[in-house]
Amino acid sequence: MGGLKVLLIVLYLSFVVAETKPSLAEKLREDADLSQFLALLERNAVANTTLQHRQTTLFAPTNQAFQRYNGEMDDSLVLFHISNLAVTLTNLDYSISSELDGNPPLWITRRRDTMHDDIYVNNAKIDISRSYQATRNGKLQVLHVIDQVLQPLLPLSQSSGGSPIYNPNAYQFLEHSDEFNVGPHRLRSFRQKVNQLQKKEVFNADGRHTFFIPVDEGFKPTTRSDLIDAKVVDGHVIPQHVLFTQATPDNKEFKSLAFTDNVKVIISFTTTMNGKEEITFVNSNTVAGDAKHSRGVVLADIVRANIPVKNGVVHLIQRPLMVVDTTVIDFLKEKEDGPLCKFYEVIMDLGEHNPFLNELTMAKDITLFAPSNEAWNEISVQNIIRNHHKLLDILNLHLVRERLPLDAIIHNNMNQHPGTIYQAPTALPRRYLYFNVINHHNNMTLTVEGGGVNATVTQTNIAATNGFVHIIDRVLGVPYTTVYEKMKTDPMLNITYNLGKRQMFNHQLNEMEHRYTYFVPRDHAWLKFQIKHPSAYNALFREDFGYYTKQILERHMIRADRSYTVSDLKQLANETHPFVLPTSRDPLRLRVKESDKNYYVEWNGRWIHVFRPDVECTNGIIHVIDEPFVLESDIRATGASDKTRVAYPLSLLFISFVFARILEY
């Protein structure tokens, strides 16, 4: 009996504590940030009754969320934020029914993080630090604060006839879209195709799915409708996933219903900024196609996002997915606020009949590396735009006269000789793009370098009838780093950069008072040197040999009032007449030749391949070469494995050094 009495006392005390804890209504009144939600709640009789007498879960938008909300604001809106189930953070999963007419579901998404889960209800994020629970008349009540107002799908007050449809599924919404408020958009063209192709069951399916419905404006030209078959309709559905835009990570790929043995289509979201406005796109990527369905990505702007339906969520999109029926130039100009609208403006600044525009229009097989809208905001880029002659060269640097989808670039990179990377000739004569594929934790990143600028490809494989478009995050050929910064960040130049740390040699490469021409051996060149002269190579990194290391690097660098491209050097020094350039160390006698579209410089009797010419920087130019300018005397001074062999040359060099300094005085 004693134990039972203790248990009853504990239960009683727990009940008393729970009842004395502030109620949800009191909590709402205490929090000034939730005052607009409280006012909406107090105006609705059903909501008030629920709050006074029943278990419930409230999803309360902040005042700031209401300020951003541009949907309908009637007294019933609050019921879409209330459930008659009490669900704590731990138990929030899948969906929860709301109190709105028809009891439409509120869809729950958990985004896994290394530290915790982010939890979303429809497109609103829950502030998990502000969730609260209390008991009212023995009923558990839960409050979750959210960052967006939940927008329900409501029938228009005056429908075309019959009873209004509450809580429609995706097909009911499509079939009766004129009876819902979807703004200026009409869905008749896609609805007609779905019915004609007998794909009603796809949008009627129970469960939790994501549906993309193109609006009528996206069916121009009218021939586009003819390209939509049953497989394309399937490509507009992601089964078993409810994907709201804020709750879904960018670029995360999901299999569409059109993921079969022959055709495989995956879908992802991409968010970009156009000025201060955030725009979300959906991408369909046909990774395996057939005669009717071209491989590649189709990008569609989401014109009305996050429409909740009984079996998932609907997004209205600006054009059909999977349908490839536009040229490269058509894609650039398709939307005034599209992801490449600024690039198109820059092209048109050169005139309606400029050669670059003509090639994009007429060429049959091209790949365009197109800078994003944000890439054109750099000050250095703005200056280039005003120089039309230079701008035409810059534009041509972004164009390759062949089809280069991502898998072709990867394949070409993998089939290069050891120590080389794939390069593609551009429309700018003697200029190439260099590609690097980086794999990190199963995430692959493609970078492309042109004219010394390294850009990341943010969107690959946008398909056009005459080629592909890859979106990049920088304008190629417009330098934005000094020689020092380029050396520090270029993965091909690590060894020369680390050698330059000796005697503070690198520091000068940040100066803007001079112009540098720097012949930089790439890492592969130094590794070949290491195999041939291991002792000399190792000595270059020793502190006591820092002076000799600096000497060797100085031989590679010209510091003057101008920098020299390889073309400049070729004009000054041909195969028969060498040209002498003053370096910080020895005069640099060079001859230059061109063979099989590659440049070579002759130094000390050896023809050395220029692997990457004309890497432009803000204070000079780097030429990446395949062999260091190292003399035999350098090797004797640094490389003998026998101490007695090295003693004499070192002593001789030291005496020469001292003698030279005495003469200076």
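About 100 Å³ of space lies in the largest cavity of this predicted model. A cavity here is a set of points, on a 1 Å grid over the protein atoms alone, where a 1.4 Å probe fits but cannot get out; a pocket is an open set with protein on both sides within 12 Å along at least five of seven lines, and lining residues have an atom within 4 Å of a point. Grid points are joined across faces, edges and corners, and a volume is the space filled by probe spheres set on the points.

Local features need pLDDT of at least 70 and side-chain atom pairs count only at pLDDT 80 or more, while totals for chains, interfaces and linings use all residues. Residues are numbered from 1 along each chain as its sequence is written, and side-chain values use heavy atoms, with hydrogens and water left out.

**The largest cavity**

By this rule there are 5 cavities of 30 Å³ or more. Residues lining the largest cavity include F281, L299, D301, F331 and K335. Two elements, β14 and α10 (328-333), give two or more residues to this lining, and β14 gives the most, with 3 residues. Such elements are DSSP runs numbered from the N terminus: helices (H or I, at least four residues) and strands (E, at least two).

**The two largest pockets**

Let us turn to the open spaces. The largest pocket has N123, Q148, Q151, A305 and N306 nearest its centre. Its lining draws at least two residues from each of α5 (63-68), β13 (277-288) and β14 (296-309). Strand β14 supplies the largest share, 8 residues.

In the second largest pocket, which holds about 610 Å³ of space, the lining residues closest to the centre are E253, N285, L406, M444 and T460. Here β21 provides the largest share of the lining, 6 residues. Elements that each supply at least two residues include β12 (264-274), β20 (443-450) and β21 (453-464).

The table sets out the linings by class. Ala, Val, Leu, Ile, Met, Phe, Trp, Tyr, Cys and Pro count as nonpolar, Asp, Glu, Lys and Arg as charged, and the others, Gly among them, as polar.

| Space | Nonpolar | Polar | Charged |
|---|---|---|---|
| Largest pocket | 17 residues | 13 residues | 11 residues |
| Second largest pocket | 10 residues | 14 residues | 2 residues |
| Largest cavity | 7 residues | 2 residues | 3 residues |

**Nonpolar cores**

A nonpolar core is a set of buried Ala, Val, Leu, Ile, Met, Phe, Trp, Tyr and Cys residues joined through side-chain atoms within 4.5 Å. Buried means under 20% relative accessible area, exposed over 50%, and partly exposed in between (1.4 Å probe, protein chains only). The largest core has 39 residues, and L28, L58, F59 and V121 have the most contacts inside it. Helix α3 (residues 35-42) gives the most to this core, with 4 residues. Not counting residues up to four places away in sequence, V121 touches F59, L106, W107, I108, I126, I146 and L150. Another core of 36 residues lies apart from it, with V297, L299, V346 and I384 among its members.

**T481 and the cysteines**

T481 sits in the loop between β22 (467-472) and α16 (483-489). This threonine is buried, with a relative accessible area of 14%. Leaving aside neighbours within four places in sequence, T481 is in contact (heavy atoms within 4.5 Å) with K486, C617 and T618. C617 is buried too, with a relative accessible area of 7%, and C341 is buried at 7%. A search of the whole structure finds 0 disulfides (pairs of cysteine sulfur atoms within 2.5 Å).
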